[in-house]
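Work through the exercises below with the sequence and the 3D structure in view. Each task is followed by a solution in steps.

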Amino acid sequence: MAAEAGEEEEEAARESAARPAAGPALWRLPEELLLLICSYLDMRALGRLAQVCRWLRRFTSCDLLWRRIARASLNSGFTRLGTDLMTTVPVKERVKVSQNWRLGRCREAILLKWRCSQMPWMQLEDDSLYISQANFILAYQFRPDGASLNRRPLGVFAGHDEDVCHFVLANSHIISAGGDGKIGVHKIHSTFTVKYSAHEQEVNCVDCKGGIIVSGSRDRTAKVWPLASGRLGQCLHTIQTEDRVWSIAISPLLSSFVTGTACCGHFSPLRIWDLNSGQLMTHLGSDFPPGAGVLDVMYESPFTLLSCGYDTYVRYWDLRTSVRKCVMEWEEPHDSTLYCLQTDGNHLLATGSSYYGVVRLWDRRQRACLHAFPLTSTPLSSPVYCLRLTTKHLYAALSYNLHVLDFQNP
């Protein structure tokens, strides 16, 4: 290792020495001023400048020059506020891959198959993928390319008598919701498993943040539970929602949570509840048609959230401006139910449709869909039940298999 480090230092010294001491004025500028000039260049101009010589290629590869471009790109690892979520990966490399997302260039593969039709849910954590199959949750480790899995599961988490409907990862725990009306709490790195009766009918959704679990059920209630090991199963609040609850999410501020319901017994399927008291705080929108249930909802920040469902729209809500009207919406062009959504925290939006496993990519600065990827065909039409994405890959769970779209190596 010491020898390799010495070789790198010698190469850097040679490249620094290779910078001409005389010649065009560009070469004689201080590096700080050269950085300022290059910061006005676009991606194409930076690429051409890098072809001039080895020293400029090295100079124009620094993260500082590419950060502005990356923040305007799709799925480059930067949030809307500019937070870098992928500090270990060079920004220039992420911008390269982001062009494949923009152009829809990817390679499709199937990671897992199963014999019986399922309604799988999944989560990603570091280099592991967790996916539900029937009444089990399986953990798999990604191979280094991120586009394939080790076939042998890292772990198997059981405990439900019926299918797992939904689950989340929180505080080294898996919190699962089952069709048996129970909530399961599993420690990821041990055999600890607890399940308790939570609802009279199937638990459709669950979320967990800050040591608090919230659950929503077909029995038209949402409930709040503590995660503390000594208090598992002690209900803190029971909320009558007047509707079946399909989706639920806790605010990043840990002060409230939102429920997405079937929109049959109440005029608005999206309502926000106080986490401490269980009281209704507000409802979102007022012009939903009957049956416009919300199947997926997610917070992007304490004041912004996205929702989608049966009425074929993705809606973006900003609680600082209005709770009566969304600030942006995107319509599924083939009038299909939207089962799930995911974002990169910035410009990219991905949705999963109810027919033919269609995954759509959207640039949130535009109204029209960027690209559509049908992952199944007749007679195996399936909804996309769950989506997850990284800066290089998109994973889609369907009835019979788990697909990956590889944007790093199209």
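**Exercise 1. Describe how β14 and β15 pair, and what lies between them.**

Step 1. Strands β14 and β15 (residues 256-261) run antiparallel and share five bridges; strands are DSSP runs of E with at least two residues, numbered from the N terminus, and two strands pair if DSSP finds at least two bridges between them. The model is predicted, local features need pLDDT of at least 70, side-chain atom pairs count only at pLDDT 80 or more, and totals for chains, interfaces and linings use all residues. Residues are numbered from 1 along each chain as its sequence is written, and side-chain values use heavy atoms, with hydrogens and water left out.

Step 2. Isoleucine 248 has threonine 259 in β15 as its bridge partner.

Step 3. Five residues separate the strands of this hairpin, and leucine 254 takes a positive phi near 60°.

**Exercise 2. Is β14 covered or open?**

Solution. Strand β14 (residues 245-250) is mostly covered, with six of its six residues buried (under 20% relative accessible area, 1.4 Å probe, protein chains only).

**Exercise 3. Find the buried face of helix α6 and its neighbours.**

Step 1. In α6 (residues 63-71), Leu65, Trp66, Ile69 and Ala70 are buried; helices are DSSP runs of H or I with at least four residues.

Step 2. These buried residues line one face because they fall within an arc of 125° seen down the axis of α6, the arc being that of the directions from the helix axis to the C-beta atoms.

Step 3. They pack against α3 (31-38), α4 (43-49), α5 (54-59) and α7 (91-103), where contact means heavy atoms within 4.5 Å.

Key: Buried means under 20% relative accessible area, exposed over 50%, partly exposed in between (1.4 Å probe, protein chains only).
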